[in-house]
Amino acid sequence: MAILIKLTLIANLIFGLFGDGGVQLQKVSSYTFKNKPVVVYKTNAPESDFVYKIVLYTSTAKSKTEKTLLVRKADELVRNMMGASYILSEVANDGQYVNYPYAWETMNVTMKDLQEDCLNVFGKKVSPLKLN
């Protein structure tokens, strides 16, 4: 049963990120990192597990992603550890989250602050959290 739930969660995550999944994304910001485009999308869908999706593309053609970050709803472990409702996470190749030490109680975050946090992650100026 636990395996089925985990597989369902991974499938929903992948579908939500790469399929349309009924989640409407709106481009709200863009900038560059080492001459590569970064696009910030936002969803207002209440059923979505994330609020922002930040995509670092490999080239200006935007045909392939290098890294995808999410400002997502925090799970119970993150909420207990950090006391936050949202966290900046990277989506790893295996569908798991790599969490970073950027978290918010509400979504009152400025695009300037979010950009700075993402650039720190892309530039490897900050290490992932160790949650276990």
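**Aromatic pairing, sheet and core**

By the rule applied to this predicted model, the count comes to 1 aromatic pair. The two rings belong to Phe-33 and Phe-122, and the pair is tilted. Its centres are 5.7 Å apart, with 50° between the planes. Phe-33 is part of strand β1 and Phe-122 is part of helix α3, so the pair ties together parts that are 89 residues apart in sequence. Both partners are buried: the relative accessible area is 13% for Phe-33 and 7% for Phe-122. A further arrangement involving a ring is found at Tyr-97, where Arg-72 lies over the face of the ring at 3.8 Å from its centre.

The chain as a whole contains 3 helices and 6 strands. Along the sequence these elements follow the pattern α-β-β-β-β-α-β-β-α. Of the 132 residues in the chain, 39% count as buried. Among contacts with a separation of 6 or more, 34% are made by residues 24 or more positions apart.

The 6 strands form an open sheet in the order β1-β2-β3-β4-β5-β6, and the pairing is antiparallel. Strands β1 and β6 are the edges of this sheet, each pairing on one side only. From one strand to the next, the twist averages 20°. Helix α3 packs on the sheet and touches β1, β2, β3, β4, β5 and β6. The direction of α3 makes about 45° with that of β1. Within the sheet, β1 and β2 are joined in the antiparallel sense over 7 bridges. In one of the residue pairings, Ser-29 has Val-40 of β2 as its bridge partner.

The largest nonpolar core comprises 21 residues. Ile-54, Leu-88 and Leu-114 are the residues with the most contacts inside this core. Two or more residues are contributed by each of the strands β1 (26-33), β2 (36-42), β3 (50-57), β4 (65-73), β5 (86-91) and β6 (97-104), and also by helix α3 (111-122).

Leu-114 is located in helix α3. Its relative accessible area is 1%, and Leu-114 is therefore buried. When neighbours within four places in sequence are left aside, the contacts of Leu-114 are with Val-40, Tyr-52, Ile-54, Val-71, Trp-104 and Val-109. One of these residues, Tyr-52, is 62 residues from Leu-114 along the chain, while the C-alpha atoms of the two are separated by 9.6 Å. Val-40, also in contact with Leu-114, is the bridge partner of Ser-29 described above. Ile-54, another contact of Leu-114, is likewise listed with Leu-114 among the residues that have the most contacts inside the core.

A further buried position is found in strand β4, which contains Thr-68. The relative accessible area of Thr-68 is 7%, and this residue counts as buried because the value is under 20%. Leaving aside neighbours within four places in sequence, Thr-68 is in contact with Lys-53, Ile-54, Val-55, Ser-89, Glu-90 and Val-91. Ile-54 thus appears in the contacts of Thr-68 as well as in those of Leu-114.

How values were computed. Residues numbered from 1 in each chain as written. Predicted model: local features only at pLDDT ≥ 70, side-chain atom pairs only at ≥ 80, totals over all residues. Heavy atoms only, no water. Core = buried A, V, L, I, M, F, W, Y, C linked by side-chain atoms within 4.5 Å. Buried < 20%, exposed > 50% of the residue type's maximum accessible area, 1.4 Å probe, protein only. Helix = DSSP H or I, 4+ residues; strand = E, 2+ residues; numbered from the N terminus. Contact = heavy atoms within 4.5 Å. Pairing = 2+ DSSP bridges. Axes fitted to C-alpha atoms, helices over the stretch in contact; angles between N-to-C directions. Phe/Tyr/Trp six-rings, centres within 6.5 Å; stacked < 30°, edge-to-face > 60°. Lys NZ or Arg CZ within 6 Å of the ring centre and 35° of its normal.
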